[in-house]
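Visitor: I have a structure open and would like to go through it with someone. Can we take it piece by piece?

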Amino acid sequence: MKRILLSLLVLASAFTVKAQTADEVIAKHIDAIGGAENWKKVNSMKMEGVLQVQGAEVNVVVTVLHGKGMRQDISVMGMTGYEIVTPTEGWDFMPFQGQTEPEAKTAEELAEAQDNLDAQGELLDYATKGHKVELIGKEDVEGTECFKLKVTKKGGSVSTLFIDPKSFYIVQSKSTQKANGQEVEVTTSYSNYEKLPEGIVMAKSMTLPFGEMNMTKITVNGPVEESFFKK
Amino acid sequence: MRILTTALALLIAATGFTQTPINSSTFGMMEARWLGPGTMSGRITAIEGVAQDGKTIYIGTAGGGIWKTTNAGASFKPIFDRYCQSIGALAIDPNNPKVIFAGTGESNMRNSVSIGDGLYKSTDGGDNWTKLGLEKTEHIAKVVINPRETNTIYVAAPGPLWHSSKERGLYKSTDGGKTFEKILFISEEAGCADVAVDPEHPDTVYASTWEFRRKPYAFNSGGNGSGMWKSTDGGKTWKELKNGLPAKPFGRIAFAVASSASQNLVAIVESKETGLFISADGGENWKKQSATFNVVSRPFYFSTIVIDPKDPKRVYRPALSFSYSSDGGYSFADASNEGGWVHSDHHALWINPNNTNQIYLGTDGGVYISLDRGATWNFVQSLPVGQFYHASVDDRKPYNIYGGLQDNGSWVGPSAAAGGVSNGLWKPINGGDGFWVQPDPNDIYTAYAESQGGNINRINLVNTKAVNIKPQQAPGEEKLRWNWNTPIVFGAANKKNLYMASQYLYKSVDQGRNWARISPDLTTNDKKKQEQEESGGLSADNTSAENHCTIFTMAESPLDEKLIWAGTDDGNLQYTTDAGKTWTNVAANYKNAGIPAQTWISSIEPSRFDKKVVYATFDNHMYGDHKTWLGYSADMGRTWKLISSPEFTGFAHIIRQDLINKDLLFLGTEMGLFGTLDGGQNWFRMKNKIPEYALVRDIKIHPRTHDLIIATHGRGILIVDDISPIRNLKKETAEKDVVLFPNAPITLTMGQFGDGGFPSTGGWVAGNPPSIPPIKYYLKDRVNSGEVKVEIFDAAGKLVQSIPGSKRKGVNMVMWNLSMKPPKIASGGAKIDFAGFLAPMVLPGEYTIKLKVADSVYTSKVKLVHDPLDKNFTLEDRKKQNKAAMDLYQLHERLATVVDSINDRQKLVKDNLTKVTDSTLKRSMVAYNEELEKLRTELLATKKNSVFADEKKLREDITEVYAGVTGQEAAPSNLQLQRTVTLQSEVKKKEEAAKVVIKKYDEAVKAGLRKEGLIGPKPEKKGF
């Protein structure tokens, strides 16, 4: 009996130790979030969320039309600002501090922001999209030992994704923005994963350095016109 | 087959059963704050920059890992926190600057130098690292890359410092570091100290070998193994260079090749006649220069000489101070202090090859930047890599931290401050190398600090004036022997007792004005270990750093002031139970437990729960043994048990027992901080923003705040605030999925500090601990699905506040500002009204906390209390303030209702105006809108102006008073109250005015729109 157990132990450990490749991790991740088939059907996405700061609320609506446009509307106390990104134009309008007209993004900011036009997520068909992914190994993220994937986007920007080996959900991402000669690292944690009627699974909570945003409504493939992405 | 699956299930069940070990992840959000400071930084060992951009620069440190800047030094971040923190050398691939090599184990071979564990490589600019090998070299002095063929790498390894070893010499790789071959090996005693490749003829390689050895009580630099070498075939064969150099033996040789004219070399050769030598023919012939003092000082410690990449005549010698030559080393000038004092003792230099005016210098006290070729320097204030030896705390609010640092004196700084703890808040109180600093527990204006060799001062903290109170040799006594790092300790049982120790232990009960010797010589008094005046080798070097046969550590039992323990650097561990009359040596007893004899007793922790229990750490690294030696005795040192763990790395410096939970212990070593919650059976490495291999020299637990204070030798002070949740965590609790921790009563406050006014203008600034105790809960695992939310209800069951909860594994913390939700603010206008983020603090009372984790709810109560001692804000004041704040809160909400009703109607007009056909109706709608708009512009600021054109209307008027009253911890003033009454009548007037306008138009306009079919029929009245 002891020997059987021992060999089993070897078997079991061989099983867990077996090196995973980036593609295996990605495949399991995509399965966990609803499968490639369902994600490929996503053409538009509208996410409505609330950022709470000790009871004060900031409402955020992010609308993405796959490959065509991204618009983020932020409203606080009846005042609304926005960020718009299309393949050719980018605008920021943040009137909260007194800005009166929208301002154009710099060319570098616009180039980096192109990643946001992908409504299906960077890992789906990443090679076709021109991204490179590398499995760095495992790393502790807030106490959970995660797979660490390094994604080098077609445009050159780099993000690191940490995937929980139990659920295969992304628990955290770190992306480095380098526009305008600066280097800024943004860490985002994801949680409250939920399956939508369309079969895809999305994180309804995102924790950013300044607070947590909770999605109240996600509309997949609702009607979104290209004209919506105008300043 | 079935057997197999059952067995497998069993196996999984078995592993599942033990799945919740308590470890670093259990601490969850209890992460270390990096207090720094950056004002006295630490020893810098390597600096390399990216030539292609001139602003990406890597800084290697003696005990703080690697730091990277991408903006030429405006900000830095650490990039090596999961690995060995002692860095010897850095190299960047000149063709692909994303490729970086880091050799661990610095080679500035002073007494306190740390130890490395091999060579690492990153291919992505330091984001990720792989260890390549060479683990046993322990010290790596230089890594150079062949600029033509960058897979060819040379690694100079002086090798182990404290013992003979084959793991030293010059190593070469031709495959980017996958494999290495040793290409220059002299002996087990002599390693390789420096290497350079001729950039024009990269098969020409120069190397210097170095025979060097430390013992715990002396060191020797020099021997026949030291030499200057040249190879012209990439290291296959070597020739020793001698012509024009002094007679051997040599000590350490530092040299440089002029990359713009590579036949030119400069070398500092330690010998009986140490000097600077130059060669103009590739090292074949050398000529001595006249340079003295700074250029040739302390060759074992100052091993940097650099030639400007463009100008072969410009030679830099960073050493005791900073010297530069414009004539190839013939004459030297010293840098000016015009830009501020430049810390002495220099070890690293990087010159931007594309702008050679721009130079980065690494010193014993941090990094300096020069923009004028080294003439003047600016200090980089944002590198918190100070090398503390010990730390102490006082009991003030907020408490202060006291500590001494390697080559950086003794300092005191606050644990928290308005706007965060910035460099300027740290105060230097004593010079030299700093070690123990003790605040006087009975006198808040006094502290005790020392410099090397027992030079203790009593310091007036107000004006930093010092009185020397070092005990002196008495008639009939041997010469006093003071350790480099002499203990200064206050009694744990009797806080009047001040102790310090040479080979004898001294006690004072009057602040060091009078001392009593309370022991005989407690050391082995081995005369062979006391010949420090002969130490240094070719260059005599006796700085007290090698003083030996001294008392290194001591402690008074917290349970009995007569029970005192003392440990020496030569292995004696002694105690007295009668305040020093008689002493018992237990050295033979710990040896029986397998702990080596004659180690340094690095710390002693007499238990505060049982007089007979004592813990001690033993540091044997100076005899070449890096094991973590931790001992425990439950019978007053008669028998010892060796405590070990597979987790342990690094030789042990400090063991600390918790003040309340006897089974909670922390161990600090040269390579990490470890914790146990079961009295030492199971240990875990502390992470949570503590560098995993941090050099931990001292650990304190604050008795009032329960903070864990960690003094590191390379990362300054780290603090884990309030460890009580872990202290109280039982194994059974950790097995539960969710635990909402009980809350002690919380004193109502808006926080510890005001907001200051200005943000930091640079330098290191550490964040503050939470001013208000957070709501804490434990999650066994990270919550990936489902919401986590904290809701707070008042005694009447009304929801007061709702806050998203964090979801990480371990202890989570939610910050509640003890306020309700902010008011609804009149919508729209030209700018954000700040009042929408501001809410009145709740009143004292019992509140219910509901923690929602997915579908489960956990409930606890918390009592909020008013601080009865606050004379500036009595309970009566608080009630008045709350009443006024709520009155104004309601004004905002009433105004918001009026504005909403206006906005709704304006929208109705706007949506339909173009569709209306009836011209009378149209006119009426236009008039309606105009009157509404006129009213609206009186209610809130609406002009689209720049922020500089302030417009104040009713909303803004309310906010001025509301913000004042709500944001203050004081009763409202008479005029604030009077103004509130005025505003109440203003709001009432506007409510009336709105009603009048609406009454005038609304019915008629809606009827008209209905008639045209533009809006639906009037809703029927229900009920009556």
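Guide: What follows is a set of short questions and answers on this structure.

Visitor: What kind of model is this, and how are things numbered?

Guide: This is a predicted model, in which local features need pLDDT of at least 70, side-chain atom pairs count only at pLDDT 80 or more, and totals for chains, interfaces and linings use all residues. Residues are numbered from 1 along each chain as its sequence is written, while chains are lettered from A and ligands numbered from 1 in the order in which they are written.

Visitor: What is the mean pLDDT of chain B?

Guide: The mean is 95, and 97% of the residues of chain B reach 70 or more. The term pLDDT stands for the predictor's confidence in each residue, from 0 to 100.

Visitor: Where in chain B is the pLDDT below 50?

Guide: Over residues 1-18 of chain B. Beyond near neighbours in sequence, that stretch has eight contacts in the model. Two residues are in contact if their C-beta atoms, placed from the backbone, lie within 7 Å.

Visitor: And what ipTM does the complex get?

Guide: The predictor gives an ipTM of 0.90, together with a pTM of 0.94.

Visitor: How many residues does each chain put into the contact?

Guide: Chain A gives 35 residues and chain B gives 37 residues. On the side of chain A that touches chain B, α1(A) gives the most, with five residues. By class, that side of chain A has 15 nonpolar, 14 polar and six charged residues. Here Ala, Val, Leu, Ile, Met, Phe, Trp, Tyr, Cys and Pro count as nonpolar, Asp, Glu, Lys and Arg as charged, and the others, Gly among them, as polar.

Visitor: Back to chain B. How many helices and strands?

Guide: Chain B has nine helices and 68 strands. Helices (H or I, at least four residues) and strands (E, at least two) are DSSP runs, numbered from the N terminus. The C-alpha trace of chain B spans about 115 × 80 × 70 Å along its principal axes.

Visitor: How much of chain B is buried?

Guide: Of its 1024 residues, 51% count as buried. A residue is buried if 20 or more other C-beta atoms lie within 10 Å of its own, exposed if 12 or fewer, and partly exposed in between, with C-beta atoms placed from the backbone.

Visitor: Which residues of strand β28 in chain B are buried?

Guide: B:Ile359, B:Leu361 and B:Thr363 point one way, B:Tyr360 and B:Gly362 point the other way, and all are buried. Five of the five residues of β28(B) are buried, so this strand is largely enclosed by the rest of the structure.

Visitor: What does β28(B) pair with?

Guide: Five bridges join β27 (residues 346-351) of chain B to β28(B), running antiparallel. Another five bridges join β28(B) to β29 (residues 366-370) of chain B, also antiparallel. Two strands pair if DSSP finds at least two bridges between them. B:Leu349 has B:Leu361 as its bridge partner, and B:Tyr360 stands opposite B:Ile369. A hairpin of two residues joins β28(B) to β29(B).

Visitor: In what order do the strands of the open sheet with β31 run?

Guide: The order is β31-β32-β33-β35 in chain B, with antiparallel pairing. The edge strands, β31 (388-393) and β35 (427-430) of chain B, each pair on one side only. Between β32 (residues 400-405) and β33 (residues 409-414) of chain B there are six bridges.

Visitor: Where is B:Pro398?

Guide: B:Pro398 lies in the loop between β31 and β32 of chain B. A cis peptide bond joins B:Lys397 to B:Pro398, with omega about -10 degrees. Another cis peptide bond joins B:Lys248 and B:Pro249, where omega is about 10 degrees.

Visitor: Helices now. Why does the length of α8(B) agree with what is expected?

Guide: The expected span of a helix is 1.5 Å times one less than its number of residues. Helix α8 (residues 954-966) of chain B has 13 residues, so it should span 18 Å, and its end C-alpha atoms are 18 Å apart. Its buried residues include B:Leu954, B:Ile958 and B:Tyr962. Among the elements covering the buried residues of α8(B) are α6 (875-912) and α9 (974-1011) of chain B.

Visitor: Last one: is B:Leu134 buried or exposed?

Guide: B:Leu134 is buried, with 25 other C-beta atoms within 10 Å. Its phi is near 55 degrees, a positive value in a residue other than glycine.
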